[in-house]
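Visitor: I would like a close look at a single part of this chain, and then an account of what lies around it and elsewhere.

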Amino acid sequence: MSSREAAKMGDILATEADLLGMIKEYLKFEDFEETVHSFDKECKNKGKLVSKHQGSTLRDSKTRVIQKDLLSSFDDGDHKVFFELWTDNIPSEVKDTDAEAQSLEFYLQIHFTIYPLRRHPGRHDQAEFEDRISHFKQYLETRGAALSQTTKFLPYYALPFVPNPTVHPSFKDLFQDSWIPQLKDKLEQFLSVTLKPSNTPRLLNLYKEGGRNTKEAIQQLQLQLVESDRRISSYVRKFNKMQADYHNLIGITAELVDSLEATVSGKMISPEYLQSVCVRLFSSQMRQSVVQSTDFTRPGTGYYSMSPYDDGYASSMLRASIAPQRSKEVPMLPSLDYEKLKKDLVEGPDRLRSLLLQALRWRLTRSLPGEQRDTVLQAYISNDLLERYSTKQKTVLHLMREKNEIVRQYMARLINAFASLAEGRVYLSQIPILLKLLTEALKTEEKDSLTRENVLVALQKLSLRRSQQTAMIADDLIGWLVDELQDSDCLSDYTLEYSAALLMNLCLRTKGKRKCAENAKHVLKVLTDLLGHENHEIRPYVNGALYSILCIPSVRQEAKEMSVEEILRCYSKEENPDLNRQFEFIIKQLNSADEEGPESDDEEEEDDNDEDLMETDLDTEEVLQPQPRELSGESLLTTEYLGIMTNMAKVKKKSNPVQPSVDEPLQRPVTPSSHRNVNVV
């Protein structure tokens, strides 16, 4: 037997002896004396070694060492060693839920923060003190944030901003000679109770630890389920109210149209009738007595209101009911160390990279729309998170080529989140290698993978920009999309919708139309087949693509030979007036004798309407779940990657997107989310 095999055999025997020792320890703990006797006898007969029970002695000695090290680092002011020991040895259920432990930890943080001031009053190391203040700030923003609602701790939240705490009246107790001994006594009492060794057998501890983790996971899932049910109930209530308001509005609108027709014929509208309409119209927004106080026989009279939207007119009352609410002040998220972030994204292990990509995406998707989200995005862009200007061989974007599927998926999700915001699309469109990486992933990833789905959606959003359209057409993305849509039954509704919308956006360009004309019969066959698909959400994009490519004479000729007009008239029998009017526009285009329109590709104007398109789908089906005590999300970013002044607020320009008519086929680039929003409005 070789020395390596002998060592391996020794490890196996030692492990077996330890396991048998744990079994014997448990049997003795439960007073199974006869069983212990039989167990010893059988082990001896089989030549099995049983390790002697030394658990309590070892635990006692280890506990004493930990306690001694904690108190020693307390005396020396070594906050790094102290809190490392504190994190590793104080149970999380004590640290996170016990009020006494949280209070003690708060005062310990203060002790280590002001340690240089107490040890060297008047001549302390300013750099060291600032470092400790920074650490204390970080604690206040994370673990200490919950205590900000407690009155006795509130004054200490000002500590990082006081130039000289030693002379400030709010902190005079911290510099009394008795404060340190009192705090140390509390620490010693806490450690003696918390780190007290247990006589529980090791085997029972192992069982409990495993069971607790499973139980905690189940409890977490149950909490998430309850929260989901609560949200669903809330959304159902809102939907039912919206539906009722919609039906009420349609009825009132019909009556008002009848009234307008009557006035054309010379019939007068009575004030009573107008008042009854307004009572119905405003019943859900304001008191009926207010509406009834308005004298409709004398326009402009009524009640006095402080509202800037309300001047006593009935129309003003309606405007007041939908006036935008004043936005509340929202906090800015902490700054990050982007250089460290980018280094770990490129060089770190796969799990860390996946967690960072997830956390960075959550910062965008979970931040509040408006200034908070704009500041997050601007920080990403100004610190060049995706390394647009990098000349390195491997950058953050090259994570799209990683072997690890989760890393690729979470990189694609982050790119999709960038593409959901107007400023993000501008940033992405300035990265030369991006489209190559995305189209490469589109063609190599599994058909039903989340990576491919996010890449497709990101490309569709980027197709709002003219420069990206040009590059996609040159890369023959149209041919790939048509082939993909040919087998539409194998695609999810989400993929089908975004594929059709992307194809339409590319077909709106002259170069895109000409690309379709190269294989007109195949393109027309796929598009007309899609009109019969059970997913009716894709029809506006199919109609838009058909209308666009039919401006090419050769495509019109091919369409006539394929009897496209008859196919459209067959579908127009359905009870959908908007769709039927779109079909009429397409048929009119089909039968026109116009020559091909002028080249559109030289226009410098960008089509992007500056609209933000952040969907809730961006954070669904998370395959990466943090393990117990593992940092993730915002806690990972603010604990390991806190930076200084990397957030750059920027005022966002508000745009007024062109609203397409529902009667005509789409003739401007859109995304499914923006199109749905317009239709709802």
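Where is Ser 563 found?

Guide: Ser 563 is found in the loop between α26 (553-561) and α27, where helices are DSSP runs of H or I with at least four residues, strands are runs of E with at least two, and both are numbered from the N terminus. This is a predicted model, in which local features need pLDDT of at least 70 and side-chain atom pairs count only at pLDDT 80 or more, while totals for chains, interfaces and linings use all residues. Residues are numbered from 1 along each chain as its sequence is written, and side-chain values use heavy atoms, with hydrogens and water left out.

The backbone at Ser 563 deserves attention, since its phi is near 60°, a positive value in a residue other than glycine. With a relative accessible area of 33%, Ser 563 is partly exposed; buried means under 20% relative accessible area, exposed over 50%, and partly exposed in between (1.4 Å probe, protein chains only). A positive phi also occurs at Asp 31, about 65°, although this residue is not a glycine. Asp 31 sits in the loop between α1 (3-29) and α2 (33-45), and its relative accessible area of 59% makes it exposed.

Helix α27 (residues 564-571) brings us to a salt bridge, that is, a side-chain nitrogen of Lys or Arg within 4 Å of a carboxyl oxygen of Asp or Glu. Such a bridge joins the side chains of Arg 569 and Glu 584 at 3.4 Å, N to O. This pair links distant parts of the chain, with Arg 569 in helix α27 and Glu 584 in helix α28, 15 residues apart. Both partners are partly exposed, Arg 569 with a relative accessible area of 37% and Glu 584 with one of 40%. Elsewhere, salt bridges that share partners join Asp 350, Arg 353, Lys 394 and Glu 402 into one network, and the structure holds 23 salt bridges.

Another of these bridges pairs Arg 351 with Glu 630, the closest N and O atoms being 2.8 Å apart. Because Arg 351 lies in helix α14 (residues 350-365) and Glu 630 in the loop between α28 (577-590) and α29 (633-640), the pair ties together parts that are 279 residues apart in sequence. Arg 351 is partly exposed at 30% relative accessible area, and Glu 630 also counts as partly exposed, at 23%.

Turning to the chain as a whole, there are 30 helices and zero strands, and 41% of the 681 residues count as buried. Among contacts (heavy atoms within 4.5 Å) with a separation of 6 or more, 73% are between residues 24 or more positions apart. Lys 461, in helix α19 (residues 450-462), offers a case to inspect: its relative accessibility is 0%, so it counts as buried. Leaving aside neighbours within four places in sequence, its contacts are Asn 416, Ala 419, Ser 420, Arg 425, Leu 613, Glu 615, Leu 618 and Thr 671.

A nonpolar core is a set of buried Ala, Val, Leu, Ile, Met, Phe, Trp, Tyr and Cys residues joined through side-chain atoms within 4.5 Å. The largest one has 99 residues, and Leu 386, Met 411 and Phe 418 have the most contacts inside it. Helix α22 (residues 493-507) gives this core its largest share, 10 residues. Apart from it lies another core, of 37 residues, among them Leu 104, Leu 117, Leu 140 and Phe 171. As for α22 itself, 14 of its 15 residues are buried, leaving the helix mostly covered.

Helix α4 (residues 79-89) has two contrasting sides to trace, its buried residues being His 79, Phe 82, Phe 83, Leu 85 and Trp 86. Seen down the axis of α4, these residues fall within an arc of 155°, so they line one face of the helix, the arc being that of the directions from the helix axis to the C-beta atoms. The face of α4 turned away from that buried side carries the exposed residues Lys 80, Glu 84 and Asp 88.
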